[in-house]
Structures are given as C-alpha cells and as structure tokens.
Amino acid sequence: MPAPSSHVAEVPGGGNSAGEERAHFDALIAREQRIEPRDWMPDEYRNTLIRQVAQHAHSEIIGMQPEGMWITRAPSLRRKAILLAKVQDEAGHGMYLYSAAETLGADRADLTAKLIAGRQKYSSIFNYPALTYADVGVIGWLVDGAAICNQVPLCRSSYGPYARAMVRVCKEESFHQRQGYELLLTMMAGTPGQREMVQDAVDRWWWPSLMMFGPPDESSPNTAQSMAWGVKRHTNDELRQRFVDMSVPQADRLGVTLPDPDLAWNESRGSYDFSEPDWAEFAQVLAGNGPCNAARLARRRQAHEDGTWVREAALAHAAKRSGGRP
Ligand code: FAQ
C-alpha cells in the first residue's frame, strides 16, 4: 500500500518553484507514495482524477436504479432487507466518491448538473434493464464481481482520498457479490422455471459485464497515462481477463452456461480464451442509445427536482446556525 506523502520542503527564504513542485510530485509517484489534497499536482492529473472519480460516483448513484425498482417486489422480507441494505450501500459509495472529488476542487452540485444534463458519463452497465428477480442475483454476482475486480487495485491508487474510499467500498461490494451468488444458488435449487430465469439473466448480463472494464487496451485513450500516474494499476484487458478467469468456475458451480461458445481454458496462457464483446453496442450505449439511457437520466433528473426542498431546507438551516456567516 502506498505510504502517505510528505509536504515538499520549503526552500529557505522563499516558496517552492514550479520545477521543484513538479519534481516532488514525480518523486512521490515514482516512490509509490500517495498524493494528498494539499500536495501540488499537475492540472492533467487533477482533471483525470476528477473525470474518473465523478464517473465512478455517478455510476454508484445511477446504479441504484436497476435493482432499486425490485425493492417493493422482493419475494420475502429477508430478500427485501438484503436488497435495501445493498442499494443504500451504493448511495453511500456515491457520497464517498463525490467527497473524494471535492478534495480535488470539484463542486458536487456542478458534477450533478453535468450528469443530469448528459455531459458526464456513468458506467454503461446501468443502461440495461433488470427484468426479473434473477437479475438482482446476477447483478450481485457479475456486476458487483466486475466492480470488485476493477476496484480492489484502486485501493492502491496514487490519490489518497480515492484509494481510501475504495477500501470500504470494496468490503461492501464483497457482501453484495455474495448475496447475489447466494440468491442464485437458491434459485438454481428451485423449480425449472427459476433455473430458466437465472440462465436468461446470465445470458443478458454477461456481455455488458465484460464491457464494464472499458474498451480494449489498444483503443483506450486514457490507460497509459493513468497507469504512469498510478491512478489505474492494471489495464482494461488485464482486469477483464481476471474477471473471466474468476467467473468461469463460479458459473460451473452454479450450473449455468456462460453465453460464449469460444470460452475455453488455454493451458499455455493459464487463462480462459473468450470472445470479444460487441464493441459497436458499447459505443451506442456510451452515445446515449442503450436500452435504458433515457429512462435512467430522466429518473435521476426527477429525483434531483424532488429533492430541491431538502437542499433548500438544509442550506437555510446551515445559514441560521452560522448566524448568516458564509
Ligand atoms: N461505461 O480510456 P478508457 C459499480 C469511457 S461502479 C461508460 O479506458 P479510463 C458498483 C471512459 O470514461 C461501476 N464509459 O477510460 C455497482 C472514457 O471516456 P472519457 C463504475 C466508459 O477512465 C455495482 C472512454 O470510455 N466503476 O459497478 C466505460 O482509463 C452494482 C475511454 O475509456 C468505475 O467507475 C464504461 N464501462 O478507464 C453499483 C471504476 N468504460 O472520460 C450498483 C473506476 C470506459 O475519456 C450496482 N473507473 N468508458 O470521455 C475506472 O476504473 C475507469 O474509469 C474505467 C475506464 C476502467 C471504467
């Protein structure tokens, strides 16, 4: 784990020159030490982090929707309590991440405005519908499973507040994945109809889960620089492979078939070979044309409008407590 950074030593009799600050930043990165909010950082580093952390925060918040719609239709009180806890966790993750973005100088209200205006991205995965209760299980197993693969290495990200937020997020995502897998094990031990629901959900979520890791490395514009800065620790393709290798034995144990006829163990690589996801579909989803993009943003916009009175009341209360002081 990267060690905390230290302030750059002051030059006697004056401040630090731009060159010294840059050298100090480069040295911290080279030594795998953390960059903290008080440290000088290049604008490009700051902007990359704001971009990634804001997209991540938006994903957690929009990601409440596909499963959230099943809370009122959970098949038992136990399933309802589990799902409620999971969806509330996603809201909490969004809050930590918006706070991490604020330490970089971003304004939370501005980030929200950009999200609901469609000017900032969120994960492609949440533009697909959750059609049955089996989807709740498959989202937990595959979507949270992919999130864990992607986010465990981010606990070692070079930016301190982001890395620290990831530690708690990953612990909670592990619970999410287990609840999903346990739900699916229960359904697979049920009726033929329940087993069909699980297989159908796996067929629909497998490819979008692979797309969560982002475009192939050769067409990922941000990976090289993000890895040089230690913001990302692995490439998109490395993490996608890790996810496939992790998921195949879990699918076997569950008794479902992953919808890829070319999935096969490759002895020489020590990994599974698998087919390319449909990158044209991915591009369409990113362009706003996925099955649920419009509905997800409309729902988020409506929730924001519905919450206006809460924000106004909170601001009025804060102003009263501070006696009108800013
Ligand atoms: N969806 O050059 P790269 C969760 C964009 S949280 C949409 O490879 P980068 C929890 C990318 O932004 C899921 N856009 O970019 C949960 C860039 O566009 P830009 C979210 C995508 O940043 C579970 C362009 O394509 N997780 O699931 C996607 O180096 C269940 C080029 O791509 C995170 O955000 C995509 N899938 O790598 C909640 C993790 N992929 O900004 C509820 C942190 C790529 O240049 C229920 N983020 N793009 O206009 C990351 O690790 C990275 O940002 C990547 C993308 C890997 C997502």
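## Exercises on a predicted model

**Exercise 1. Check the length of helix 12 against its expected span.**

Solution. Helix 12 covers residues 293-306, which is 14 residues. Helices here are DSSP runs of H or I, at least four residues long, numbered from the N terminus. The expected span is 1.5 Å times one less than the number of residues. For helix 12 that should be 20 Å, and the end C-alpha atoms are 20 Å apart, so the two agree.

The model is predicted: local features need pLDDT of at least 70, side-chain atom pairs count only at pLDDT 80 or more, and totals for chains, interfaces and linings use all residues. Residues are numbered from 1 along each chain as its sequence is written, and side-chain values use heavy atoms, with hydrogens and water left out.

**Exercise 2. Find which residues of helix 12 are buried, and what covers them.**

Solution. Buried means under 20% relative accessible area, exposed over 50%, and partly exposed in between (1.4 Å probe, protein chains only). Asn-293, Arg-296, Leu-297 and Arg-300 are the buried residues. Seen down the axis of helix 12, they fall within an arc of 90°, so they line one face. The arc is taken from the directions from the helix axis to the C-beta atoms. The cover includes helix 2 (43-62), helix 3 (64-68), helix 5 (108-116) and helix 11 (279-289).

**Exercise 3. Describe the largest nonpolar core.**

Solution. Such a core is a set of buried Ala, Val, Leu, Ile, Met, Phe, Trp, Tyr and Cys residues joined through side-chain atoms within 4.5 Å. The largest has 76 residues. Tyr-45, Trp-141 and Trp-205 have the most contacts inside it. Helix 6 (residues 133-151) gives the most to this core, with 10 residues. Now take Trp-205. Beyond four places in sequence, its contacts (heavy atoms within 4.5 Å) include Ile-125, Tyr-128, Val-138 and Leu-142.

**Exercise 4. Classify the ring pairs Phe-25/Tyr-45 and Trp-265/Tyr-272.**

Solution. Rings of Phe, Tyr and Trp (its six-membered ring) pair if their centres lie within 6.5 Å; planes under 30 degrees apart are stacked, over 60 edge-to-face, the rest tilted. The count comes to 10 aromatic pairs. Phe-25 and Tyr-45 have centres 5.0 Å apart and planes at 75°, so the pair is edge-to-face. Phe-25 lies in helix 1 (residues 18-30) and Tyr-45 in helix 2, so the pair ties together parts 20 residues apart in sequence. Both are buried. Trp-265 and Tyr-272 have centres 5.0 Å apart and planes at 70°, so this pair is edge-to-face. Trp-265 is partly exposed, at 44%, whereas Tyr-272 is buried, at 17%.

Methods. Helices (H or I, at least four residues) and strands (E, at least two) are DSSP runs, numbered from the N terminus.
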